[in-house]
Amino acid sequence: MSSACKHAILDMQGVSFSYTGAAPFVKDLGLTVCEGEFIGLLGANGSGKSTILKLGSGILKPAAGSVSLWGKPLRAYANKDRAKLISYLPQTIDISVPFTVAEVVGMGLYPYDVRPSMTVAEALTLVGLEDKRNSYLSDLSGGEQRRVFIAMTLLQGAGLLLLDEPLANLDIRYQVEIVRLLKQLNKERSISVVIALHDINIALQFEKVVLIQPGSILGVGTPEEILTEERIRHAFGVDVKIIRQPGGKAYISYESNFSRPDKEPGTPVAG
Amino acid sequence: MKLKIFFVIVIFFFSFGLSLFWGPSVINPFNLDETSREILLSIRAPRSVVALLMGMALGASGAVLQGILRNPLADPYVLGISSGASLAAALGILAGASVFGAVTVPLFAFAGAIATGAVVGMMGWNRGVIWPERLLLAGVGLSFLFSALLMLIMSISADEGLRRAILWIFGDLSMSDWTRVPYGLVLVAGGLAIPIVRARALNALVLGDEFAHSLGFSPGKERLLLFVSVGFLTAASVSLGGMIGFIGLLVPHIMRFMVGSDNRYLVPVSALSGGALLCFADLISKSILPPMELPAGIVTAIIGAPYFLFLLRRKNVLSL
């Protein structure tokens, strides 16, 4: 996969990891994120999307294999230097804390001893929250809270964003809003983005998709190449039908019988 | 913000000044006779300085602990450190220990606090990092054990030792003298320096370990460092004057209403206001029914709790 890439930002090769020390949860995984890419990391709940992102960001240490950032082993970076290049946003952040929006966004400056040129106000303007500067984080909607943390990563200045389920618990309007914002940042500011998600319909709108089955990668490519009915059945354990419209847009229809149990994700399917 | 911080600093010095010159007898700083000078320098000044140091330690350690445990109900006593210190101090008092003279009991308390902190830290340690939930549960468990042992010892002990031990447990500043100031100063300054220098890491930890990692911190190391600072501050406060409730739990919350949750401001401001409150409470405790003295912990709660409840009602917030 790395051969197809001119400038690999993140390169994970032969990565294995186990939470229990017994059977590996992630086994011999290879994933490369190239400069400027916008990738959807798609998989069922519990398939290992978060684990892959945590391995890629250095939160988890692989039992085997290598993780490189800009060609240098991730572990060789000092914490602050790493934070200037890669930013990971967890799925759950404790937002009950009475921090104001400006205080949270300002945390993006923490890796820096000398302030970079972008200001909190500019970062908030980029995500459309300039009027929420002094609001408490807990007073914002789910979509606005996500945008606050994205503004923080902008201030952090990292060229690669790893976002763990940023669309979870958001209604469709906020999902569209967040994806649109991230795509805009990807195009205008050349920020590479990897988003873990489990909604196949959203993944169908991405340019590149990495499909995960429990612990390993089932395929990498465009949604047309990767999101076939068979692979989705394999990854999610349900029967779906992909409906393509004349304009090229596609969506899925769930075809399983609700009264009949589906297969476990990862179960090989015949035909 | 700057105005609010300035206001807290003014209150801090005002409270200290008031505790020096006000009391059962009023001292005129511009007209000191021999007796007044003696009262001021030998009795009031060391007691006020000890109250300031103790209040600062409690206020700051409460703010830090609520952050690293991500628990608004955490206070310096929840980790069992103070119970361990009290048990050791009470043992020292009841045994009539005087190996190190006037600082024997504070030394017993300090040793008890450090030993308990180490045990709690070890019990909270798993897979190379400190886990907030494990730390909290280990602290609560040890706290109950030590409190039970303390009660057991006190219930089978002689009366005189018992009274002194009880006074110690409820916070006793009447024994304060200059001998306590040097070690208190060193411990409180050292314990305060860590969270002030690492305030950014503490902010990030409040939002979560993964978040802190992403911002360039090592969550495990930062939490350990901050836990050590809390251990020293709690040990310092208990060995200076026993256990005084309310300050460690509620002063950080009151200060959050005032200056917000950014620990770069919250920790120093909690320290200053904790010191000011205890100084003021001690002044009231010795002035209200002279010559009798009330335990300072009762006064801090009677002054502070209604104000806190008033703020809670107005702001409708209780979180970190």
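In the predicted model, Q13(A) has S66(A) as its bridge partner in β4(A). This pair belongs to a neighbourhood that is a pleasant place to begin. Strand β1 of chain A, residues 8-17, and strand β4 of chain A, residues 64-69, are paired in the antiparallel sense over five bridges. Both strands sit in an open sheet of four strands, with antiparallel pairing and the order β2-β1-β4-β5 in chain A. At its edges are β2 (26-34) and β5 (72-73) of chain A, each of which pairs on one side only. Helix α1 of chain A, residues 49-57, packs on this sheet and touches β1, β2 and β4 of chain A. The direction of helix α1 of chain A makes about 120° with that of β1(A).

Two residues of chain A invite a closer look at their backbone. D28(A), which is placed in strand β2 of chain A, has a phi near 50°, a positive value in a residue other than glycine. With 14 C-beta neighbours inside 10 Å, D28(A) counts as partly exposed. E165(A) is likewise not a glycine, and its phi is positive at about 50°. This residue lies in the loop between β7 (160-164) and α6 of chain A. E165(A) has 21 C-beta neighbours inside 10 Å and therefore counts as buried, since the threshold for a buried residue is 20 or more.

On the scale of the whole chain, chain A is divided into domain 1 (1-85 + 159-271) and domain 2 (93-157). The C-alpha centres of domain 1 and domain 2 of chain A are 26 Å apart. Where the two meet, eleven residues of domain 1 of chain A are in contact with ten residues of domain 2 of chain A. On the domain 1 side of this contact, α2 (79-83) and α6 (172-189) of chain A each supply at least two residues. Of these elements, α6(A) gives the most to that side, with four residues. By class, the side of domain 1 of chain A that touches domain 2 of chain A holds seven nonpolar, one polar and three charged residues.

The contact between chains can be described in a similar way. Here, 20 residues of chain A are in contact with 22 residues of chain B. On the chain A side, the elements that give two or more residues are α2 and β6 (86-89) of chain A. The largest share of this side, four residues, comes from α2(A), a helix that also supplies residues to the side of domain 1 of chain A that touches domain 2 of chain A. The residues of chain A that touch chain B divide into eleven nonpolar, five polar and four charged.

Finally, the interior. In soluble globular proteins, nonpolar side chains tend to be buried together. The largest nonpolar core of the model has 164 residues, and V105(A), A151(A) and A204(B) are those with the most contacts inside it. Helix α2 of chain B, residues 34-68, provides the largest share of this core, 14 residues. Domain 1 and domain 2 of chain A both give residues to this core, so the core lies between them. A151(A) offers a local view: leaving aside its neighbours within four places in sequence, this residue is in contact with V105(A), A123(A), L124(A), L126(A), V127(A) and L129(A). V105(A) thus appears in both lists, as a contact of A151(A) and among the residues with the most contacts inside the core.

Note on methods:
Residues are numbered from 1 along each chain as its sequence is written. Chains are lettered from A and ligands numbered from 1 in the order in which they are written. This is a predicted model: local features need pLDDT of at least 70, side-chain atom pairs count only at pLDDT 80 or more; totals for chains, interfaces and linings use all residues. A nonpolar core is a set of buried Ala, Val, Leu, Ile, Met, Phe, Trp, Tyr and Cys residues joined through C-beta atoms within 7 Å. A residue is buried if 20 or more other C-beta atoms lie within 10 Å of its own, exposed if 12 or fewer, and partly exposed in between; C-beta atoms are placed from the backbone. Domain bounds come from an automatic or database domain assignment. Two residues are in contact if their C-beta atoms, placed from the backbone, lie within 7 Å. Ala, Val, Leu, Ile, Met, Phe, Trp, Tyr, Cys and Pro count as nonpolar, Asp, Glu, Lys and Arg as charged, and the others, Gly among them, as polar. Two strands pair if DSSP finds at least two bridges between them. Axes are lines fitted to C-alpha atoms, for helices over the stretch in contact, and angles run from 0 to 180 degrees between N-to-C directions.
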